[in-house]
Amino acid sequence: MPPSHSTYPPTREATLFIVDDDDIDVMALKRALSKLRIANPVIRARDGQEAMEMLRADQVPAPYIILLDLNMPRMGGLEFLQTIRADAALTHSVIFVLTTSRADEDLISAYRAHIAGYLLKDQMEERFLEVIQLIENYWRVVELPLRVAPPSQESKV
Amino acid sequence: LNALMAAGVMALPLVTLFIAAHRITSRGCNLERKHQTGEAGLILRMQSVGDTLLNRIHLGVWELDLVDQTTTRTSGHDRIFGYETLLPLWNHDLFLTHVVPEDRGEVDRIYQKALVEQAEWRIECRIRRADGVVRWILAVGAPQLDSHGLACRLAGIIQDITERKHQADQFRQVVEMSPFGLLEIDAQGCIGMVNQSLENMFGYVRAELIGQPVDVLLPQRLRAAHMQHRGTFMASPATRKMGSDQVLLARRKNGDEFNVEIGLSPMSTGQSLRVLASIVDISERVRAQQLLSAQRKELLRSNEELSTFAYVASHDLKSPLRGIGQLSQWIEEDLAAGNGAAVADHMRLLRSRLKRMENLLDGLLAYSRAGKSDDSLGPIDVRQVARELFNLQAPPASMQLVVADDLPAFTTLRTPFELVLRNLFSNAIKHHDQSPQGHIDLSGQPLSNGYYEFSVRDDGPGIPVLYQERVFGMFQTLRPRDEVEGSGMGLALVKKVVETYGGTVGIDSDGVRGCCIRFSWPLTLERK
């Protein structure tokens, strides 16, 4: 047999990386996941700053999907988007924004940072389950990137 | 000839010439004109055109022989008094009867004095002509001395100067009635003329200004610079606005300073250079502009605040509300599942969200009111007030406040000042990471601009430079509210209040240990 060209390891469950300062929102998310019998690993950061630190310290196993709140202490969601897109090692991250903000400027700023989707939090239980269902379908269907090495300095020159 | 008249008595030798010509003809020296040569011929020829020319400029020439009291005059002389042909007789008394009664005494006094002193005279007065019309005349004259040095004749010129007088009057009225302050200076910067508006504007009467250096109208500190500017202008004088775009300052007699706009027009009148400055008091306009720009700034700020309000209402206020909705649903599910333990937990969380909501609303309300209630002007001793406010925060017993000895006692708006200190203390206590241990210092120093800078320094975790700007925003917290309950309005409130009274707020912290928040507060405040 010819050697495999695939560099992908066997398919792994995507990690859900929740970046949200509100405990109840996180509880709600976890409840919805368990209702839908989704057993993906869930990791949480309380603001953008903490999320960046965890990502840079490699504490979030790839492949992962980031569920990002916008309004948080220290580093908010939009600032987090700027930071992560400017980080060569993390720029490919798949990010959904999960927020209460219906403000157009937030929505547009978020999509400018190439998010996968902008989802509103304030729908109650049933709609919220749909939202989670959507995210689940997403990671089941699409191929998520694994952790990739940042382009080396030499190749840039 | 006009120039000669302006020179006044200097024209007397010419007068003598005309008189001589007249004397020749009036005494019947029948000399044939065409045969005349030399001086006598010139005199005669001049006489033939002289009368016409003299009449054209309303000039009359006369001579009085003091021995026989007879007078010789040109026809123009009598015409000035309204007589088409020469009167048979003319003398000083007859002249005086033509002078209007108001001027008569003074005219005679000057004339008699000149006679006694054998000196020249110059009079401007009004006469009533034969046709009853009042006219202005200029009369100049001088005695002529005989070989013994005694006056034997008087000679003089009179001129009808009514037109010139009217023009001068008109000019004077234009100058006097001008709404602009008008000021004339010479090349050395000495004041030559001022008008009524200028007197009113600066609070001087003109006698105090004429002959003075123009710098008296300037604030002391600007005089040296002005002297330089004046030199530059005098070197290449041109009509222009003074100071181009900057706001000029002038000084009234009472020392008050005010804003002016000044136009400069060089006037060269043949002699030395003079400059006419027209001055407008624009302090009202400047005040109005300042008010307008202050209002504009306030409007921009309040618009900004409004849009921030809308934004935070959709984020920060909604968040606990959504939590409450969520929790109520879970409680319903817990009850259905008979999970009593979970119900208690969820109820506790629900109440914490209600409390948070209340805090946020309180913060929002306090923020929107900040800087609006200022009815509490009163004396405060900062050291005492600081201790009271600190104790009101119910700090842990081992948390210490050190108040500097030199803090002022002053009269200010008590409520907003206390609000600022209270929020700073409460922050320092609440966010201290070594609580119950901790030190908080309150110190300060006077600034040069009439403000006092207070510093609240703690030895807590500090605020990293990265977040130092953002902590002054509404509802900004550095830690999740689930960890440290707080509205995130404290520093926003402090900033708004301090800036309302013209002060500034700043942070000194390395984000590792300790934080110092400085704010400046006016030492004198007036009730709005």
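These legends go with a set of close-up views of a predicted model.

**View 1. Chain A, element by element.**
Chain A has six helices and five strands. Read from the N terminus, its elements go β-α-β-α-β-α-β-α-β-α-α. Of the 157 residues in chain A, 50% are buried. Take the contacts in chain A with a separation of 6 or more, and 68% of them turn out to join residues 24 or more positions apart.

**View 2. Where chain A meets chain B.**
Chain A brings 30 residues to this contact and chain B brings 27 residues. About 2500 Å² is buried between chain A and chain B, with carbon and sulfur atoms giving 47% of that area. On the chain A side, look for A:Ile24, A:Arg31 and A:Arg74: they lose the most area to chain B, together 26% of what that side buries.

**View 3. The open sheet of chain B.**
Five strands of chain B line up in the order β13-β15-β16-β18-β17, and their pairing is mixed. β13 (399–403) and β17 (505–508) of chain B sit at the edges; each has a single partner strand, so one side of each has no neighbour in the sheet. From one strand to the next, the twist averages 20°.

**View 4. Zooming in on β16 and β18 of chain B.**
Strand β16 (residues 451–458) and strand β18 (residues 515–522) of chain B run antiparallel, paired over eight bridges. Within this pair, B:Phe454 faces B:Phe519 in β18(B).

**View 5. Two helices against the sheet.**
α14(B) packs on the sheet and touches β13, β15 (438–446), β16 and β18 of chain B. The direction of α14(B) makes about 180° with that of β18(B). Helix α15 (residues 490–500) of chain B packs on the sheet too, touching β17 and β18 of chain B, and its direction makes about 25° with that of β18(B).

**View 6. Helix α14 of chain B by itself.**
How many of the 17 residues of α14(B) are buried? The count is 13, so this helix is mostly covered. At 1.5 Å a residue, the 17 residues of α14 (residues 414–430) of chain B should span 24 Å, and the end C-alpha atoms are indeed 24 Å apart.

**View 7. Two nonpolar cores.**
The largest nonpolar core holds 53 residues, and B:Phe425, B:Leu442, B:Phe454 and B:Trp521 touch the most other members. α14(B) supplies the largest share of this core, with eight residues. A second core, separate from that one, has 29 residues, among them A:Ala32, A:Leu119, A:Phe128 and B:Ile331.

Note on methods. Residues numbered from 1 in each chain as written. Chains lettered and ligands numbered in written order. Predicted model: local features only at pLDDT ≥ 70, side-chain atom pairs only at ≥ 80, totals over all residues. Heavy atoms only, no water. Helix = DSSP H or I, 4+ residues; strand = E, 2+ residues; numbered from the N terminus. Expected span 1.5 Å × (residues − 1). Buried < 20%, exposed > 50% of the residue type's maximum accessible area, 1.4 Å probe, protein only. Pairing = 2+ DSSP bridges. Axes fitted to C-alpha atoms, helices over the stretch in contact; angles between N-to-C directions. Contact = heavy atoms within 4.5 Å. Core = buried A, V, L, I, M, F, W, Y, C linked by side-chain atoms within 4.5 Å. Buried area = accessible area lost by both parts, 1.4 Å probe.
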